[in-house]
Each structure stands twice: as structure tokens, then as C-alpha cells.
Amino acid sequence: RFGYECALSEEDILQAKKNSEKRYAKNELSLATADLPGSIKRFYRGHTYKQGGSYRGVHYFFESLIADTDIVDPNGAESLQSTLVVPFFPGDLVGNVGWFTTLMERVITYVDKKYSLERTVHPTVWINAMDRSLCTMRDDVHSELPPGAIVVSQFGMWRELEGLHYCFYPDRDIVIPSSISSSHGYGGQNDPTHTRYDPSTKDGMLLFFRGRVKNFKQCLGENIFTNVNECMYLYSQGIRTFMTDWYKDEPRFFLNKDEMLPEFEKYGGVGGEGRAENIRLRSHFCLAAGGNGWDQRFFDAIHRGCVPLMTQLNTSHPYDFLLNYDTFTVFIPNGSQDLKRVPEILDQTVLSGKHSNMVKNLRVVHEAMAWHENVRDTSKEKNTFLVLNGAYHHAVWAIAHRLGREIPSSSAVQLCRLYYHNPYHAKAHDILHEEVREILKTRCFSEEILSKSKSV
């Protein structure tokens, strides 16, 4: 076996070298991996990762990359033709919320010296799996990275506290999807025909939330409107605290209610988990307000056809410079007086027909947020996807866009299939921001991509 972590066969690595040469000529994104010492590499393989696997998104991306002969460059970063990816997973070594400044600084020094980054202009991508990415620590580590460095993480919190340095650069860094928390996977096994993306199935609660809540007095009631600059740096930015208190008597909101109450018997389901899953599946909107890091309920909502209600400030979200979140989420900013009008705003969204379109759009977003790397056993639902490993292809696209490179043709074929040659959603491309939509459109209808699409 050859390549990083022996991910390629001899035949694979020879093909990868040929493909790299072709990408150089076409200015397509080519990614090479930095070879770090074993003591600072991640060491968890397969299904077993720290923290029960909650931080697998970055692992899925990297493990997809090193086995992808159409994108990985086995010629090495020394050629300066490819973008250098630094596969640093401190969460597997010191915990996902632990203090890893010293370890990070050692990696920066090692990479600088080994690849002569101090003397050459070479784009770098830094994978980070910490709960709050580089915001996990108070030290300004981001500014120590090589010029133009891109951080790829599962959480896009811009800074830890008001007045502190930015630890996530919203115009440069990239948020990718995490794993999912639901035991029901991406939903395809139980719903292979995607009825959950049929707006007519949303006939239950107006808003759904089931999860942890912390009691912050400064974020209760009217307090949140005057203390928003404090609340926005607390757990869930104080929104779960506010919402579960302010709307505790709203009958159309399921906010940590007892799902086994008689009024919810009509939803069926085995046990509390089963019934709660059924309630969510039929709910119109799902609160996605984050916890300490990203909110896995955001992804669970997408994969269940439940329109996310988002409130976070000071935060970027997965592929939000590619995907137009207005087409599949409702955003009511934290601290806004509109928080007092949530039922009215959600009702208007339903009555106007916007909600119906959002639910349909979620089926496309569902594909953009799903991983299908070999370490994840999704064999029972793979055939329910139009595009496999959509999250990976979007990550490749995001990096290419940030660097001003063309999308590698292998990923372009999959993206074009999802957005411009989609058999179940003729206007899937409307989910994209206009700028990237037009760029992708040109590529999708090029002779090269049309020819390759026919052979897929």
C-alpha cells in the first residue's frame, strides 16, 4: 500500500500522479497532505473516535481525501503545485475541549520548517476538530498560521468573547458538517422514498426542540434583549434558556415537553425516543440554536425535513458562502425583538408558501450535508442518495472557491448532478448564492463535464 496512511494501492497511486498533472494544467484544486510525526497524528481508526464519534466530520473529510485519486496529490506538497492540507486532530490526543496551545504551536513550527513556508507563498488548509475550533483557547493561534491559511472545522464561532481577537475568519475559513446525533442515521433506511421532504407531512407541532438547557438568569425573559452581548457567548447563546421559558405555554411548540403525555399518543413510536422522532418528523420547524459548539440538531433537522429555526450571532455555518440559507432556514437573530413574535413569524412562513419550498429544498441540502466515507456504515441508505459523500464534494468546492481554483472535475460532476441535473428538484440550483451558482452553471454545461456526467 502507498500514500498517506497507506490509503492507496500501487495502481491507485500511479493514477493519482497522472491525475495531478492534469489538474495542474487546468488550474483545478489539488490537495497534498502534510506528513506529521506520529506523535501528533490522530490515532483513532474506523468507527472508534474520541467523544463517541461526535467529531467525525473532519475525519470523514480527511479519510475521503487521502483515498481520492482524483484530488489527492501523491507528488507531495514540495512541488508547490498543490495546496497543503495539515491533518492535525488534537481532539484525539488531548480531548475536544482541552488546552492544546503548546501542541498546536509545535505543529505550526514543524510544518513551517519542513515545507519552507517562511520562504515561499504556499496555500495551506488546517483541519481542526476542537469543539470550538481555534476559539477553544484564548491565545491568538490563528494569526500564527502561515499567511492565507484556511481553517476547516465543524464550528464557525468568530471569537470567544467580545473584544477578543477573531479565531475564525468568516471570509476565509470553512465550516463543514459534523456527524449526526440521531440513532436513525440520515433517515434513508426508515424513509427510502423521502416522504419526510413532502410538505404535506408537516401536520404536527409548529416548532420542535428536545435537548439540554442551562439556566442563565441574564438571558431569561426581557433580560436577553439588554444582555445579548453577554448571552451570545454562553451555552446556546442563551436562546434555549429564553425559548423554553418564554414559550413554555405555547401549545404548538414542543419545547422539552414530555413526549409520553396522552396528547402525543397520536404520533405513535416505540418508547420516548421513538415518539420524539415521530414528533420531529411531522413538525414544521426545529430550533437549532447551538450548544457549546455546533448544533447537531441543525443536521438532524435537515435530515428529517424539519426547517431549522436559527438564531446564532457571531457564527458561520456549513458552506454558508455557497448555500443561501434563506432558502431552507428561518433566521431570527438573538437579541432581536422578533424573538417575541416567533409563532407569528413561523405562521407567516407557512401561510406564504415559503415553508413548503424550504422543505423541498431540504432534500437537496440533506445531500450536501451527508458523509459517506468508508468508515461510516451507510450501506442501508446509500441508494437513497442522488450523490454520495456530498459533504466531501462541497468541502472540496469550498476550498477551491476560497483559493480561486477550478473545482476538480470529479467533484464538479457530482455537484452538477445535484444542482443542475437533478431528477427530483428542477430548480435545485436556486439554493446556491447567485455568484457561485453562475460559476458552477458554466462548468456544468461545459463539454468536459457533460461528457463525464453521461458516463456516471
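Begin by selecting Tyr 392, which in this predicted model is a buried residue with a relative accessible area of 3%. Add Phe 61 to the selection, which also counts as buried, because its relative accessibility is 1%. These two rings belong to the set of 16 aromatic pairs that a search of the whole structure finds, and theirs is a tilted pair, with the centres 6.0 Å from each other and 40 degrees between the planes. In sequence the partners are 331 residues apart, Phe 61 being in helix 2 (residues 56–66) and Tyr 392 in helix 12 (residues 390–403), so that the pair links distant parts of the chain.

Next, select Tyr 325 and Phe 328, which form another tilted aromatic pair, 4.7 Å centre to centre and with 50 degrees between the planes. Phe 328 is buried at a relative accessible area of 0%, and Tyr 325, at 10%, counts as buried too. For a group of rings, show Phe 208, Phe 254, Phe 264 and Tyr 267, which form one aromatic cluster.

Two arginines can then be displayed together with the rings beneath their charged ends. The charged end of Arg 402 sits over the ring of Phe 321, 3.6 Å from the ring centre, and that of Arg 363 sits over the ring of Tyr 424, 3.6 Å from its centre.

Move now to Pro 87, which is found in strand 2 (residues 83–87) and is buried, with a relative accessible area of 2%. Setting aside neighbours within four places in sequence, the residues to show around Pro 87 are Tyr 4, Ala 34, Leu 36, Phe 62 and Ile 127, with which Pro 87 is in contact. A distance drawn from the C-alpha atom of Pro 87 to that of Ala 129, 42 residues apart along the chain, comes to 9.8 Å.

Helix 1 (residues 10–26) is the next selection; its 17 residues reach 25 Å from the first C-alpha to the last, close to the 24 Å expected at 1.5 Å a residue. Colour its buried residues, Ile 13, Ala 16, Asn 19, Ser 20, Arg 23 and Tyr 24; because they cover an arc of only 145 degrees around the axis, they lie on the same side of helix 1. On the face turned away from that buried side are the exposed residues Glu 10, Glu 11, Lys 18, Lys 22 and Ala 25. Just after helix 1 comes Asn 27, with a positive phi near 60 degrees.

The last stop is the cysteines, among which a search of the whole structure finds four disulfides. Select Cys 135 and Cys 167 to see one of them, with the sulfur atoms 1.7 Å apart and a right-handed link of 80 degrees about the S-S bond. Cys 286 and Cys 306 are joined by a disulfide with an S to S distance of 2.1 Å, also right-handed, at 105 degrees, and both of these cysteines are buried. What is the handedness of the link between Cys 416 and Cys 444? That link is left-handed, with -90 degrees about the S-S bond, and its S to S distance is 2.0 Å. Cys 416 lies in helix 13 (residues 409–419) and Cys 444 in helix 14 (residues 434–444), so this disulfide ties together parts that are 28 residues apart in sequence. Counting bonded cysteines along the chain, the disulfides follow the pattern 1-2, 3-4, 5-6, 7-8.

Methods. Residues numbered from 1 in each chain as written. Predicted model: local features only at pLDDT ≥ 70, side-chain atom pairs only at ≥ 80, totals over all residues. Heavy atoms only, no water. Phe/Tyr/Trp six-rings, centres within 6.5 Å; stacked < 30°, edge-to-face > 60°. Helix = DSSP H or I, 4+ residues; strand = E, 2+ residues; numbered from the N terminus. Buried < 20%, exposed > 50% of the residue type's maximum accessible area, 1.4 Å probe, protein only. Lys NZ or Arg CZ within 6 Å of the ring centre and 35° of its normal. Contact = heavy atoms within 4.5 Å. Expected span 1.5 Å × (residues − 1). Arc of directions from axis to C-beta. Disulfide = S-S within 2.5 Å.
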